[in-house]
Amino acid sequence: MINTKKLRGIIAENGLSQSKVAKLLGMSPKGFYDKMKRGVFDSDEMEQMIDILGIENPVEIFFAKDVA
């Protein structure tokens, strides 16, 4: 399960909005919001976000065991 809380924080730290990240991933903002709500992204999307957002420890975000 994806830790969407941490992912939102990293998006904000990078000065981006979820809509902007959605566009950078080539999807609609609604599609991105839906994936955030479900906490599921495919491996290509995760890889792109790691690059776009400069995520140093992707395991704690994309493979979180317990999500608050």
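Let's start at glutamate 45, which lies in helix α4. Keep in mind as you look around it that this is a predicted model. Is glutamate 45 buried or exposed? Its relative accessible area is 10%, and the cut-off for buried is under 20%, so glutamate 45 counts as buried. Leaving out residues up to four places away in sequence, Glu45 touches Leu25, Met27 and Lys35.

Now widen the view to the helix around this residue. Glu45 is joined by Met46, Met49 and Leu53 as the buried residues of α4. Looking down the axis of α4, you will find these buried residues within an arc of 100°, so they line one face of the helix. Turn to the other side of α4 and you meet Ser43, Asp44, Glu47 and Asp51, which are exposed. And what covers the buried residues of α4? The cover includes α1, α2, α3 and α5.

One of those covering helices, α2, deserves a visit of its own. Helix α2 spans residues 18-25, and its buried residues are Gln18, Val21, Ala22 and Leu25. They cover an arc of only 105° around the axis, which puts them on the same side of α2. These buried residues pack against α1 (4-13), α3 (29-38) and α4 (43-53). Just past the end of α2, glycine 26 adopts a positive phi of about 80°.

Within α2, have a look at glutamine 18. Gln18 has a relative accessible area of 19% and is buried, the cut-off being under 20%. With residues up to four places away in sequence set aside, Gln18 touches Arg8, Ile11, Phe32, Tyr33 and Met36.

Phenylalanine 32 is a good residue to follow next. Setting aside neighbours within four places in sequence, Phe32 is in contact with Ile11, Gln18, Val21, Ala22, Leu25, Met27, Phe41 and Met49. That list takes in the buried residues of α2, namely Gln18, Val21, Ala22 and Leu25. Phe32 also belongs to the largest nonpolar core, which has 17 residues. Which members of this core touch the most other members? They are Leu7, Phe32, Phe41, Met49, Leu53 and Phe62. Two or more residues of the core come from each of α1, α2, α3, α4 and α5. In soluble globular proteins, nonpolar side chains tend to be buried together.

Step back now to see the chain as a whole. It has 5 helices and 0 strands, and from the N terminus on its elements run α-α-α-α-α. The radius of gyration is 11 Å, close to the 11 Å that the globule rule gives for 68 residues, so the chain is as compact as a globular protein of that length. Along the principal axes, the C-alpha atoms fill a box of roughly 30 × 20 × 20 Å. Of the 68 residues, 35% are buried. Among contacts with a separation of 6 or more, 56% come from residues 24 or more positions apart. The accessible surface comes to about 4,400 Å², and carbon and sulfur atoms account for 51% of it.

Finally, a word on confidence. The chain has a mean pLDDT of 93, with 96% of its residues at 70 or more. Among its elements, α2 has the highest mean pLDDT, 97, while helix α5 (residues 59-62) has the lowest, 92.

Notes: Residues numbered from 1 in each chain as written. Heavy atoms only, no water. Buried < 20%, exposed > 50% of the residue type's maximum accessible area, 1.4 Å probe, protein only. Helix = DSSP H or I, 4+ residues; strand = E, 2+ residues; numbered from the N terminus. Arc of directions from axis to C-beta. Contact = heavy atoms within 4.5 Å. pLDDT = per-residue confidence, 0-100. Core = buried A, V, L, I, M, F, W, Y, C linked by side-chain atoms within 4.5 Å. Rg over C-alpha atoms; globule rule 2.2 N^0.38 Å. Areas by Shrake-Rupley, 256 points an atom, 1.4 Å probe, with all protein chains shown as cover.
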